[in-house]
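Reader: Hi! I have this one open on my screen and would love a friendly tour. Could you walk me through it?

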Amino acid sequence: MEPLLTTEQLNAYLTAPYSQWVRMKTRSDALIPMLYDSEIIGATDADSLSLVAMRCLFPDCQRVLQLGTYIGFSAVVLADILAQHKLPGLLVTVDNSEVHLQKAQHFLEVADLLSRVVILKGDDLSSQIREQTALYGPFDLVYVDTLHTHDHTLDILETYVAQAPPQTVFFFHDAGIKQIALDATGKGGVRRALQDWCAAYPATHQLAFFEPPAWNTYLAMLTQKERAEYPVPKVTL
Ligand SMILES: C[S@@+](CC[C@H](N)C(=O)[O-])C[C@H]1O[C@@H](n2cnc3c(N)ncnc32)[C@H](O)[C@@H]1O
């Protein structure tokens, strides 16, 4: 089958750092067929996914929430990395499209990862999904990639970020300057929502954009400034 991706995109997916971190079986049985799937366009780009996956590599990253499963490419990558921890982690992934979730479920099964993944169908802002996701939290990482309008992102921030404990790191896809134009409401998409929200909470949250020219990604990372108190070790000179 002819790939829909360009040779350059295909090579990026196949050589990205995460491809060294997933198991050979996952790579050959699930990821390569997914790259040739008719719906692969729309999945997280290889560089952004590597950055999110890097956080999952750390053994303290045990519980991950993904909003926006699509056909499951990043779900397979993240779940595979979590499954390899000494204490295996869990991915909870949410999407409101039955068609997308069926495909994602198929590829997660092919990769033998269904035991490490909870798949939830529904709107990310619905009370049903908020209640269901809360059962599996708190999360170490939340990856947000659903609807990229300004107002939806603000609601996500109020719903998930405002309630999260200090250790939760949030990544938002399509948060670059370039993606402002993608918000048909004209309010500035994910980026402006993040900036507006952080301007309202400057004392508690901090925002970093990973974008060109320094990075070949369009991710924003949101963390809390207030960290848990750790005992200061006593140093005897
Ligand atoms: C850009 S794709 C996600 C790509 C995915 N993160 C990946 O790396 O393959 C966006 C997905 O969000 C889903 N979606 C859009 N709005 C949603 C909402 N309000 N709640 C849940 N899912 C939503 C769509 O069905 C679609 O599958």
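Author: Happy to; we can go from the overall fold to the strands, the ligand and a few single residues. One thing to keep in mind is that this is a predicted model.

Reader: Good to know. How many helices and strands are in the protein chain?

Author: The protein chain has 9 helices and 7 strands. Its radius of gyration is 18 Å, close to the 18 Å that the globule rule gives for 237 residues, so the chain is as compact as a globular protein of that length. Along the principal axes, the C-alpha trace spans about 60 × 50 × 40 Å.

Reader: And what share of the residues is buried?

Author: Buried residues make up 39% of the 237. As for contacts with a separation of 6 or more, 75% of them come from residues 24 or more positions apart.

Reader: Let's do the strands. Which way do β1 and β2 run, parallel or antiparallel?

Author: They run parallel, joined by 5 bridges. One pair to look for is leucine 65, whose bridge partner in β2 is valine 92. With α5, these two strands make a right-handed β-α-β unit.

Reader: What does β2 pair with on from there?

Author: β2 pairs with strand β3 (residues 117-121), in the parallel sense, over 5 bridges. Threonine 93 has isoleucine 119 as its bridge partner in β3. To get from β2 to β3 the chain crosses through helix α6 (residues 98-110), and this β-α-β crossover is right-handed. β2 is also mostly covered, with 5 of its 6 residues buried.

Reader: Where does β4 fit in?

Author: Strand β4 runs parallel to β1 (residues 63-67), and 4 bridges join them. β4 also pairs with strand β5 (residues 169-172) in the parallel sense, over 4 bridges. Tyrosine 143 is a handy landmark: glutamine 66 stands opposite this β4 residue, and its bridge partner in β5 is phenylalanine 171. The chain passes from β4 through helix α8 (residues 150-161) to β5 in a right-handed β-α-β crossover.

Reader: And the side chains on β4, which way do they point?

Author: Leu141 and Tyr143 point one way, while Val142 and Val144 point the other way; all are buried.

Reader: Nice. Now the ligand: how many residues surround it?

Author: There are 17, and the closest are Ala43, Thr44, Gly68, Tyr70 and Ser74. The elements giving two or more residues to this shell are α5 (73-83) and β2 (90-95). By class, the shell has 5 nonpolar, 8 polar and 4 charged residues.

Reader: Tyr70 caught my eye. What is its phi?

Author: Tyrosine 70 has a positive phi of about 55°, although it is not a glycine. Most residues other than glycine have a negative phi. Tyrosine 70 is found in the loop between β1 and α5, and it counts as buried because 22 other C-beta atoms lie within 10 Å.

Reader: Which other non-glycine residue with a positive phi could I look at?

Author: Try aspartate 174, with a positive phi of about 55°. It is in the loop between β5 and α9 (189-200). Aspartate 174 has 22 C-beta neighbours inside 10 Å, so it counts as buried.

Reader: What about cis peptide bonds, where should I look?

Author: One joins glycine 137 and proline 138, with omega about 0°. Proline 138 is in the loop between α7 (127-136) and β4. Another cis bond joins proline 212 and proline 213, with omega about 5°. Proline 213 is in the loop between β6 (205-210) and β7 (219-224).

Reader: Last topic: aromatics. Is phenylalanine 107 buried or exposed?

Author: Phenylalanine 107 is buried, as 21 other C-beta atoms lie within 10 Å. This residue is in helix α6. Beyond its neighbours within four places in sequence, phenylalanine 107 is in contact with Ala30, Met34, Ile71, Gly72 and Val76.

Reader: And tryptophan 21, where is it found?

Author: Tryptophan 21 is in helix α2 (residues 18-21). It is partly exposed, with 18 other C-beta atoms within 10 Å; to count as buried a residue needs 20 or more. Leaving aside neighbours within four places in sequence, tryptophan 21 is in contact with Ala53, Leu57 and Ile81.

Reader: Great, thanks for the tour!

Terms used. Residues numbered from 1 in each chain as written. Predicted model: local features only at pLDDT ≥ 70, side-chain atom pairs only at ≥ 80, totals over all residues. Near = placed C-beta within 6 Å. Nonpolar A, V, L, I, M, F, W, Y, C, P; charged D, E, K, R; others polar. Buried ≥ 20, exposed ≤ 12 C-beta atoms within 10 Å, placed from the backbone. Pairing = 2+ DSSP bridges. Right-handed = clockwise from strand over helix to strand, strands pointing away. Rg over C-alpha atoms; globule rule 2.2 N^0.38 Å. Contact = placed C-beta atoms within 7 Å.
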